[in-house]
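Biologist: I'm new to this one, so could you take me through a single part of it slowly? I'd like to hear about the salt bridges and whatever sits around them.

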Amino acid sequence: MTSTIPTANGSRPAAPVRTTGPQPNALQLLRRTEADAPVIPVLERPTSPQLPEVPATASAAPAGLLSPEQSAALAAPLNRANVQTRSQAGRSLNYLEGWVAIKEANRIFGFDGWQRETIELRCVAESQRPIGRDQKPGWGVTYIARVRIRLGSQSSGATSLVREGSGAGHGIDVDLGLAHESALKEAETDAMKRALMTFGNPFGLALYDKQQRQVTSSVRDERAPQGQGPLVQAGHPQPVGETKALRYQVQALAPAPLPAEAGAVGLAALTPEVIQQLHGAIRVLPRPQLEALVTAFRQRFRLAEGASVAAAINQKQHHDWVEAYLVQVEGRK
């Protein structure tokens, strides 16, 4: 069956319309529409030029300026020989002198490895006052100072490590100018020591511990009072009469620092087998030589009072030192 649809120009046959057979449902029509739809190409988004990868270390904190040897020196206990004592307000105070702090800075950082800059120096008090037992008229002056310590060269543009410290100084003299001079020098030195103290034990940090566990014990040439038993030296009971002889043994037998200790090689860790061998060689020494070795080792490596010598033997520099010590002992038999 066909039908015609009239138009303005006449009539034309229309497409045949099927009236028989099942009609497609809505789902079939939807699938047919999707299958017949033209494929639209997917355009890729333009990508921006790739930037070069930034190394991970560029945003991280700058590498440490200290060498392994310097770090080890700063972590070492404070040498008791560098500590002075004074009485203040009825108390006994331990301190480092200014020249000792400078000497230690030159030893650890190098003569050209650190800088000191006084960034503030101000007189905060000046008044007349009597001086001495004679109560002479004089002057009392007080200064405050702030000092900056810098490791590394600022002119080279390289990263530097900066520490600051504040201090005060007091000058008393019959001459006003001399009182000012004494006060400003003391303030500057005090501030410098406080700035250096933040680097570690060799600059007095160990003195802030009331028990002073990071301060070495000095070898004392002293005799115990008669009738009070043996004198304890280096953790071993020792007859009083042998104290002085032990001191001479320490001075004679202690080997000089070896070249390997100057570099990072000396800080290499020893294996448990090597440590056990060293312990065995030390244990067979006669008692006087064993005590001399213990005392000399404590002095050479600045062990804190009460620290175990056996536990401290763990680096190549310790191995080389003990080996050289044993060779010298064998040569004196």
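Modeller: Happy to. Keep in mind that this is a predicted model. Searching the whole structure turns up 12 salt bridges. Let's start with the one between E164 and R146, where the closest N and O atoms are 2.9 Å apart. E164 belongs to strand β7 (residues 161-173) and R146 to strand β6 (residues 136-151), so this pair ties together parts that are 18 residues apart in sequence. Are these two side chains buried or exposed? Neither word fits: E164 is partly exposed, with a relative accessible area of 28%, and R146 is partly exposed too, with a relative accessible area of 28%.

That pair also has company. E117, R146, R148 and E164 are linked in a network of salt bridges. As general background, side chains of opposite charge can pair when their charged atoms come close.

Now for a salt bridge inside a helix. K185 and E181 meet through their side chains, at 2.8 Å from N to O. Both sit in helix α5 (residues 176-197), 4 residues apart, or about one turn of the helix. The general rule here is that an α-helix has 3.6 residues a turn, so residues three or four places apart point the same way. K185 is partly exposed at 45% relative accessible area, and E181 is partly exposed at 34%. Another pair to look for is R213 with D209, whose closest N and O atoms are 2.9 Å apart.

For a view away from the charges, turn to helix α3 (residues 68-75), where Q70, A73 and L74 are buried. They cover an arc of only 95° around the axis, which puts them on the same side of α3. What do the buried residues of α3 pack against? Their partner is α4 (98-109).

One caution before you zoom in elsewhere. The average pLDDT for the chain is 74, and 62% of the residues score at least 70. Residues 42-46 have a pLDDT below 50, and beyond near neighbours in sequence that stretch has 0 contacts in the model. Residues 48-62 are also below 50, with 1 contact in the model beyond near neighbours in sequence. Where pLDDT is low, the predicted coordinates should not be read in detail.

If you want a place to begin, go back to E164 and R146, then follow the network out to E117 and R148.

Notes. Residues numbered from 1 in each chain as written. Predicted model: local features only at pLDDT ≥ 70, side-chain atom pairs only at ≥ 80, totals over all residues. Heavy atoms only, no water. Salt bridge = Lys/Arg side-chain N within 4 Å of Asp/Glu carboxyl O. Helix = DSSP H or I, 4+ residues; strand = E, 2+ residues; numbered from the N terminus. Buried < 20%, exposed > 50% of the residue type's maximum accessible area, 1.4 Å probe, protein only. Arc of directions from axis to C-beta. Contact = heavy atoms within 4.5 Å. pLDDT = per-residue confidence, 0-100.
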